[in-house]
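Colleague: Could you take me through this model before I plan my week?
Modeller: Certainly; the structure comes up here, and your questions can follow.

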There are 4 protein chains.
Amino acid sequence: MNPITHQLERILENSSAEDLEILNDYLKNFEKKQQGEFATYLSASLDMTRITDDQASMVSIPNTPHIHNNVGIPHGGILAVLLDTAMGTLANSKCDPGFAAVTTTLTINYLTVADEKKISAQARVIRSGRHTMVLEGNIFQEDGKHIATATGSFFIIPKKEKPAIASQQ
Amino acid sequence: MNPITHQLERILENSSAEDLEILNDYLKNFEKKQQGEFATYLSASLDMTRITDDQASMVSIPNTPHIHNNVGIPHGGILAVLLDTAMGTLANSKCDPGFAAVTTTLTINYLTVADEKKISAQARVIRSGRHTMVLEGNIFQEDGKHIATATGSFFIIPKKEKPAIASQQ
Amino acid sequence: MNPITHQLERILENSSAEDLEILNDYLKNFEKKQQGEFATYLSASLDMTRITDDQASMVSIPNTPHIHNNVGIPHGGILAVLLDTAMGTLANSKCDPGFAAVTTTLTINYLTVADEKKISAQARVIRSGRHTMVLEGNIFQEDGKHIATATGSFFIIPKKEKPAIASQQ
Amino acid sequence: MNPITHQLERILENSSAEDLEILNDYLKNFEKKQQGEFATYLSASLDMTRITDDQASMVSIPNTPHIHNNVGIPHGGILAVLLDTAMGTLANSKCDPGFAAVTTTLTINYLTVADEKKISAQARVIRSGRHTMVLEGNIFQEDGKHIATATGSFFIIPKKEKPAIASQQ
C-alpha cells in the first residue's frame, strides 16, 4: 500500500465527524480538479464556483470549518480571496485579448459575520480605463445581511509571451 | 476498504508529480492538526507558522501551487490571509483578558510578485487605543523585495461568554 | 485707513481677473459666515453647501482655481474634504443625541478629472452599528461622469461634556 | 473706493479677534502668491510650505481655525490635502521629464487629533515602478504623537503637450 494511503488510514482512525467531512470535501474536489472542473488547487480546496456575465461576476464557496479562524467564523482573508477573485475575474473578462488585469490595491470593510451555508461575492465595474480599472465587490447573504464591501484597483498589463512548447492547461 | 481510501487510490492513479506533492502536504498537515500542531483547518491547509513577541508578529507559509491563482502566482487573497493573520494575531495579543480584536478595514497595496519558496508577513502596531487599533503589515522577501504593504483597523470587543460546559480547545 | 485695508488695496492693484474673482468669492463668503450662513471658515472658504435627508447627504462646492493643484485641476485632497464631509454629515445625523461620529479610515479611488462648474459628493450608509458605521461616498457629475468613489469608517463616541459656562456658538 | 474694499471694511467692523487673524493670514498669503511665493491659491490659502529631497518630502500648514471642522479640530479632508500633497510632490519629483504622477487610490487611517500649532505630513516611496508608484504618508507631531498614516497609489502619465504659445507659469 502506498505510504500516502497508510497516512490517510491513520488520519481516518483519529478523525472526528468534522474531520471526516473536511477530508471528504477536500478529496472530492481534488478529484474534480483532476477531471478539469477546477482551474486551480486553491479553487478546488475552497470548492469555488464562478458565474460571470457581461455586467457582473459572482463567486461562491461553502461556509465550512475549512475556512474558519480560531474563533470559528470565516477568516477575513478568505473573504478577501472571494472578493478579489470576483473582481479579478470580471476585470479580466473585460480586457482585450493579450492583456490581463492584476490587483494593485484592495480595500475591504468587514461589516458583520457571515453565518449562512454559502458565501457569495459579487463584483461590478466602477470604471474601466485603458490602463487601470476600478471595481466594487460585495458579499451579501440571502437573508439580506451585508457582510463585506470592497473596492479594488487593477492595472492592465500585456500577458507574457507563451513559451514555444507550452504545457497544456 | 473505506470509500474515502478508495477515492484516494483513484486520485493517486491519476496524479501528476505536482498533484502528489500537494496531496502529501495536505495530509501531512491535516495529521499535524489532529495532533494539535495547528489550531485550524485553514492554518493546517496553508502550513502556516506564526511567531509573536511583544513588538511584532510574523506569519509564514510555503509558496506552492496550492495557493496559486490561474496565472501561476500566489493569489492576492492568500496574501490577504497572511497579512490579516499577522496583524490580527498581534492585535489580539495586545488585548486585555476577555477582549478580542476583529478586523474592520483592511487595505492592501500589492507591489510585486512573491517568487521565493516562503512567504512571510510581519505586523506591527501603529496605534493602540481602548476601542480600536491600527496595525501595519508587510510582506518582504529574503532578497529584500517588498511584495505587499497593508494597514488594518481593528475594533476591540468583549469575548462572548463561554458556555457552561465548554468543549476543550 | 486700517492696515489690512491698505494691504487689500495693494493686492487689488496687482490683481489679475482671476485673482479678483477668487478674492471676491472669499470675502463674500467670509461675510456670509459672519452672518451665520456658514458654520466654519473652511466651509465658507470653499463655498460649501450641504443637503441632508434621512437617506443621503450631498455636499457641493464650485470648481474654481481656488481649489486647483499646480496642474490646474481640483486637488485630490479637496475631493477628500467633500467626500469626508458628505459621509461625516450623514453619519452624525444618524447618531443618538450626545454622540458623534469621527472618521477612522477613509479610502478614495480617483476615477477621472472633475471638469464641471460644480463638484458634488453624495453619501449613503452601508452599515450602521452601535459603535461603528461604514458609509459610501461618490462624486458624480451632471454629465454622468463618475469622478471618485470612497468608503469611510466611522467610530461613534460620546460628545465631550459642555463646559459649565459655554461660549455661544 | 472699490466695492470690494467697502466689503472688507464692512467685514472688519463685524470681526471678532479670530476673524481678524484669519482674514489677515488670508490676505498676507494671497499677496505672497501674487509675488510668486505660492504656486496655487490653495497652497496660499493653507499657508503651505514644502521641503522635498531625494528620499522624502514634507508639507506643513499652521493649525488654525481656518482648517477646523464644526467641532473645532482639523478637518480630516485637510489632513488628506496634506498627505496627498506630500506623497504627490515626492512621486512627481521621481518621474522622468515629461511624465507626471496622479493619485489613483488614497487610504488614510486617522489615529488621533492634531493639537500642535503646526501640522506636517511626510512622505516616502514604498515602490517605484515604470507605470505606478506606491507611497506612504504620515503625520507626526513634534511631541511624538502619530496623527494619521496613509498610503497612496499613483499612476504615471505623460504630461500633456504644451500649447504652441504657452502662458508663462
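**Domains, copies and confidence**

Modeller: In this predicted model, the centres of domain 1 and domain 2 of chain A, taken over C-alpha atoms, are separated by 26 Å. Domain bounds come from an automatic or database domain assignment.

Colleague: Which residues does each domain of chain A cover?
Modeller: Domain 1 of chain A is 1–47, and domain 2 of chain A is 51–161.

Colleague: And how many residues of each are in contact?
Modeller: In chain A, 6 residues of domain 1 are in contact with 9 residues of domain 2. Contact means heavy atoms within 4.5 Å.

Colleague: What ground rules apply to the numbering and the values?
Modeller: Residues are numbered from 1 along each chain as its sequence is written, while chains are lettered from A and ligands numbered from 1 in the order in which they are written. As this is a predicted model, local features need pLDDT of at least 70, side-chain atom pairs count only at pLDDT 80 or more, and totals for chains, interfaces and linings use all residues; side-chain values use heavy atoms, with hydrogens and water left out.

Colleague: What is the average pLDDT of chain A?
Modeller: Chain A averages 93, and 94% of the residues score at least 70. pLDDT is the predictor's confidence in each residue, from 0 to 100. Over residues 162–169 of chain A the pLDDT is below 50, and this stretch has 0 contacts in the model beyond near neighbours in sequence.

Colleague: What about the scores for the model?
Modeller: The ipTM is 0.92 and the pTM is 0.92.

Colleague: Changing topic: what turn lays chain A on chain C?
Modeller: A turn of 180 degrees, with a shift of 0.0 Å along the axis, gives an RMSD of 0.0 Å. That is the relation of a two-fold axis. In chain A, the C-alpha nearest this axis belongs to A:Thr107, 3.8 Å from it. Copies are superposed by least squares on the C-alpha atoms of residues with pLDDT of at least 70 in both.

Colleague: And which rotation superposes chain A on chain B?
Modeller: A rotation of 180 degrees with 0.0 Å of shift along its axis does so, with an RMSD of 0.0 Å. For this axis, A:Thr107 again has the nearest C-alpha of chain A, 2.1 Å away.

Colleague: Finally, what does UniProt annotate on chain A?
Modeller: An unreviewed UniProt entry carries the annotation "domain: Thioesterase" over residues 72–145 of chain A. UniProt positions are given in the numbering used here, feature names are shortened, and annotations may be inferred rather than shown by experiment.
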